[in-house]
Amino acid sequence: MTLSDPNKTLLLAKQVIQTQASALEDLVEQVDDNFTKACSLMLETDGRVIIVGIGKSGHIGRKIAATMASTGTPAFFVSAAEASHGDLGMICRGDIVLLLSNSGESDELVSLITSLKQLGTPLIALTGNPTSTISKNADIHIDVSVREEACPLGLAPTTSTTATLVMGDALAIALLDARGFDKNDFARSHPGGKLGKRLTLRVQDIMRSGNQIPKVSAEMSLKQGLLEVSNKGLGMTAIVEKNDRLIAVFTDGDLRRALDRGLNIDQTKMQDVMTTDYQCTHAEVLAVDVLELMQSKRISSIPVVDEQTTLIGALSMHDLLNAGVI
């Protein structure tokens, strides 16, 4: 099967996006005092936020729960279908339940209301019908109604699920801000993958140290400096005085300038070609911050020093790449 009218397909795609974008603009006006009441309720509880849904609302509920859990609000998803067959036991006194249903009449959710009320669990409903059974039985109702679905048949949940997802994101971010949740908190809940590495990995975790650090003294010859650059493979060498205090660097760029001047590599001293206006970093700095520095200064390697400017390591763009920071 092939597309009979590609232009019609493009037009339909744009209409879907426009319909949903318009619905989200309307959603802004539907955020009222009930939103802040819901946030206050979730902030005050010592329990968890349990998101309950079925069908497409269930899929949205899983995402909202994941977003909340990763931004400082303990939360998880329970399928309404499974809840009536034992998973209701996962919900404890002190928890708060978010019920997701566009119609507000989903049988699987309605059947749970009595049990949840007996448990004394506060109910927050996100529905598209404020007069529905679920909405009326909730302690707080948040309106996520939309004028129309993006589906041309008016049947497939499209705009309605988008509105629910966006309102869930709004709740999660409002709670994040109220809790004072910061980058360090975010890093603790995202230790894996590139995101986790960018938030947690520090220079000291990946820098080269000991005999891997390229270094020479200012009195050494240019030839000796070139050998150190070649042997350590960082495209640079640090220039140090006694006690390894960093005073300058020598890079590939310095080498090109020395060769352009026709300098004799045996007779020229490193002090004659080294760069005293250099960039360096510290061991406790986040690797991602060093990456930004190196990119902005267009350098491929950088020395690492302590507070007394003693050379303690070196880091290259290749090291950052291998560590998954790039």
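This passage describes two open sheets, a strand hairpin, a loop residue and the largest pocket of a predicted model.

The five-stranded sheet is taken up first. Its strands follow the order E2-E1-E3-E4-E5, and the sheet is open, with parallel pairing. Strand E2 (75-79) and strand E5 (140-143) stand at the edges. Each has a single partner strand, so one side of each is left without a neighbour in the sheet. On average, neighbouring strands here are turned by 20 degrees against each other, direction ignored.

Within this sheet, strand E1 (residues 49-53) pairs with E2 in the parallel sense, over five bridges. Val49 stands opposite Ala75 in E2. Ile50 has Phe76 of E2 as its bridge partner. E1 is mostly covered, and five of its five residues are buried. Val49, Ile51 and Gly53 point one way from the strand. Ile50 and Val52 point the other way. Helix H3 (residues 56-70) lies across E1, E2 and strand E3 (96-101). The helix runs at about 165 degrees to E2.

Beyond edge strand E5, the loop between E5 and helix H8 (159-179) contains Ala156. This residue is partly exposed, because its relative accessible area of 34% lies between the 20% limit for buried and the 50% limit for exposed. Ala156 touches Glu149 and Cys151, residues up to four places away in sequence not being counted. Ala156 and Lys56 are 100 residues apart in sequence. In space, the C-alpha to C-alpha distance between Ala156 and Lys56 is 9.3 Å.

The three-stranded sheet is also open. Its order is E6-E7-E8, and its pairing is mixed. Strand E6 (215-217) and E8 stand at the edges. Both have a single partner strand, so one side of each lacks a neighbour in the sheet. Neighbouring strands of this sheet are turned by 35 degrees against each other on average, with direction ignored. Strand E7 (residues 236-240) pairs with E8 in the antiparallel sense. Five bridges make up this pairing. Ala238 stands opposite Val249 in E8.

Strand E10 has pairings on record with two strands, E9 and E11. Strand E9 (residues 281-282) runs parallel to E10, and two bridges join them. His282 has Val305 of E10 as its bridge partner. Strand E11 (residues 311-316) pairs with E10 in the antiparallel sense, over five bridges. Val305 also has a bridge partner in E11, namely Leu311. E10 and E11 form a hairpin, with five residues between them. Thr309 in the turn has a positive phi of about 60 degrees.

E10 is mostly covered, with five of its five residues buried. Ser301, Pro303 and Val305 lie on one side of the strand. Ile302 and Val304 lie on the other. Both faces of E10 are thus covered.

The largest pocket holds about 290 Å³ of space. Its lining consists of 17 residues. Val249, Thr251, Arg298, Ile299 and Ser301 lie nearest its centre. Strand E8 (246-251), helix H13 (252-260) and strand E10 (301-305) are the elements that give two or more residues to the lining. By class, the lining has six nonpolar, six polar and five charged residues. Two of the residues named here appear above: Val249 stands opposite Ala238, and Ser301 is buried in E10.

Conventions. Residues numbered from 1 in each chain as written. Predicted model: local features only at pLDDT ≥ 70, side-chain atom pairs only at ≥ 80, totals over all residues. Heavy atoms only, no water. 1 Å grid on protein atoms, 1.4 Å probe; cavity = no way out; pocket = protein on both sides within 12 Å on 5 of 7 lines; lining within 4 Å. Points joined across faces, edges and corners; volume = space filled by probe spheres on them. Helix = DSSP H or I, 4+ residues; strand = E, 2+ residues; numbered from the N terminus. Nonpolar A, V, L, I, M, F, W, Y, C, P; charged D, E, K, R; others polar. Pairing = 2+ DSSP bridges. Axes fitted to C-alpha atoms, helices over the stretch in contact; angles between N-to-C directions. Contact = heavy atoms within 4.5 Å. Buried < 20%, exposed > 50% of the residue type's maximum accessible area, 1.4 Å probe, protein only.
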